[in-house]
Amino acid sequence: MSEQILWLNRLRLTDLPEVGGKNASLGEMIGHLSEAGVDVPGGFATTASAFRGFLGDAGLTSRINARLDALDVDDVAALVEAGREIRRWVLDAPLPAALESAIRDGYARMCAEAGVELAVAVRSSATAEDLPDASFAGQQETFLNVVGADQVVEKVREVFASLYNDRAIAYRVHHGFAHADVALSATVQQMVRSDVGASGVLFTIDTESGFPDVVFITASWGLGELVVQGAVNPDEFYVHKPTLAAGRHPILRRQLGSKRERMVFSDRAGERVRVEPVPEPEQRRFCLTDADVVTLARHAVTIERHYGRPMDVEWGKDGITGRIYILQARPETVKSRAAAQRIERYVLDRRGPVLAEGRAIGQKIGQGPARVVKSVAEMDRVQAGDVLVADMTDPDWEPIMKRAAAIVTNRGGRTCHAAIIARELGIPAVVGCGDATRRLEGVAEVTVSCAEGDTGYIYAGRLPFERVTTDLGQMPEAPLKVMMNVANPERAFDFAMLPHAGVGLARLEMIIAAHIGVHPQALLEYDRQDADVRARIDERIAGYASPVDFYVDRLAEGIATITAAFAPHPVIVRLSDFKSNEYANLIGGKRYEPVEENPMIGFRGASRYVDRSFQAAFALECRAMRKVRETMGLTNAWVMIPFVRTVEEGAKVIEVLAENGLRRGENGLKVIMMCEVPSNALLADRFLDHFDGFSIGSNDLTQLTLGLDRDSGIVAHLFDERNDAVKALLSMAISACRRRGKYIGICGQGPSDHPDLAEWLMDQGIESISLNPDTVVDTWIKLARHKRAG
């Protein structure tokens, strides 16, 4: 007689046909990765042979197959009825005596080894589950905090029945799996006390772009079911694998989630777990320490290296012992299968009124009638092409999710159920909107845009958009360095998938405006702010050690994300170039900024850095740059100084940088100067005595050369970087840098707008052209053709 149960520590991947993908993977990790420090809770698995024997002994095999063969799974009502009937057949059938005895003996052995009556998780593991090209994750049931042999036996039977959940039946049909070929193995595994700790999901690639050099971690208080279901908005962390391997501080980015609820063990009779509110102080802090995040990332890299492919991992932190456990690992099945040589981009032609926003899933745009669905009972209201709007989704929703043009939910993070299914279906989703069901109630048509970074937007109406597909396999050799202008760290991993030679302009202004939002001097003088400003600051700085640490760390996170995405290529970071009116618009900013008639040529750039009133704020930028370069080891980050009016001012900035620990040439640091004032080109050699090269800012250089305000619509028609006077200055700057053997590039708008200007610059001998990402491929190809023609 075949075995009824098998212990997890004896299983390997080769046992998948007998214990399913999840259990085979658990055994593989216990057997091969324990010595590497990867902890996996022990337990046992019932076998596929035992499951098939159970169905056969109960006379269910032929009845179930006949019932399913006659079913149209796209008829939701018929699917629900068939699933309910089959599950009742399974639940009413007794387990074979040999199987029940083996389950009881296995549980008794676990309790004896632990010295207590154990709480266990009873999970499902299908024999077609967790394959590299298909994921059955979440299709069957999981039961937590199961105590006592009678309960374990009962929950194993319920797990068996869940092979015939509506969503599991539909998924098999839609993915070409024959029902009769799929068997179920039940896992009985020791519980990790993450109910008093934390838990979540991680991926060994970026789930949105497919960028391979990061580990993406989500985390929330309590048991992990709420993260998987999408019932909470979790904390998020990105860890850079090469920096981790180098032994440096590898956490690129942290995002505090709301974490309003948690699932914990219940001590009420007849109740195994319950959901409770999270106290506000715990909502406002990260549920993992940096050390925890690094430990999880190390485990993730170990697991990925062992399996040789991107992985999707569930984990839990025991709140009693502090130890971190891996609960399951399966192949990531969406981005790892995407065509690496094809880039698909969606671009909105124009924006409309924003009705709701949340976390963007994918980078596509979808549109259609907004269909607010308040429960599974209303699923039949969803028609093909609708935008499905719900509080959250779970696997019971899957039969109709494939009809949707896009999905919008109130709750959930980027690893929740709705996010996972949207990725598999290849449709956009915006999750964690908070109140989308209320805001979109009664709205006829909407456009769901996930093409604008980490934040997804739901706009009123059907907005026009473009879809552009580029075959990168046909790219010719570049005739010069083609770099990119990147302002938004949220798009860095996506943009880094394009061909490039680095970043010619990484602007700090968007990081400060969107990710910090507070004037640096208001943070330095937090205690002097009025109550209203302090309250607004407090909302922003939750999770960080102090107001100043918030500014430095958030700035460093933004810089590091861009720098890591494009490593080892240079990333030229332009230090802040806000005008006084723009700084005044930040929280607490008005008290620190002058009112200027023409801020465009006022208190900005280098003049700020050397002014006593701004030096403490500038020192924070320098601290952030040092953290990126020295603590994290991302020495491909260069510094760029904007709007240097005089040689003396340039020399003074170099002194101030050195006073703040950023010394030219030390640890490979290059300091580039924006060449954007006519004096820069006219006195190029004297400026180059103090800098390692120029990056031409064609926007400011053009307006100052032609004496016009580029923001004025009246004279806008005169603004042209190709004007002979502008080109004369460009030629002077390029010649000086070439003569001195120093870096010369351009990061202004001109080459992105005017391919003929890009060709002229190449002919002049410019070293690099930094373009807006949406023009990189076309300009690259045109320049290659121009080079061949010349």
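This report describes a helix pair and a sheet in a predicted model.

Local features require pLDDT of at least 70 and side-chain atom pairs count only at pLDDT 80 or more, while totals for chains, interfaces and linings use all residues. Residues are numbered from 1 along each chain as its sequence is written, and side-chain values use heavy atoms, without hydrogens and water.

Helices (H or I, at least four residues) and strands (E, at least two) are DSSP runs numbered from the N terminus. Helix H5 (residues 97-114) packs against helix H6 (residues 149-161) at about 125°, with the axes 9 Å apart; axes are lines fitted to C-alpha atoms, for helices over the stretch in contact, and angles run from 0 to 180 degrees between N-to-C directions. In contact, meaning heavy atoms within 4.5 Å, Leu99, Glu100, Ile103, Arg104 and Tyr107 of H5 meet residues of H6 including Val152, Val153 and Phe160.

An open sheet of six strands follows the order E9-E8-E7-E6-E12-E13 with antiparallel pairing; two strands pair if DSSP finds at least two bridges between them. Strands E9 and E13 each have a single partner strand, so one side of each lacks a neighbour in the sheet. On average, neighbouring strands are turned by 15° against each other, direction ignored. Six bridges join E6 to E7, and leucine 202 has isoleucine 217 in E7 as its bridge partner.

| Strand | Residues |
|---|---|
| E6 | residues 198-203 |
| E7 | residues 214-221 |
| E9 | residues 251-255 |
| E13 | residues 324-331 |

Helix H11 (residues 290-307) packs on this sheet, and its direction makes about 35° with that of E13.
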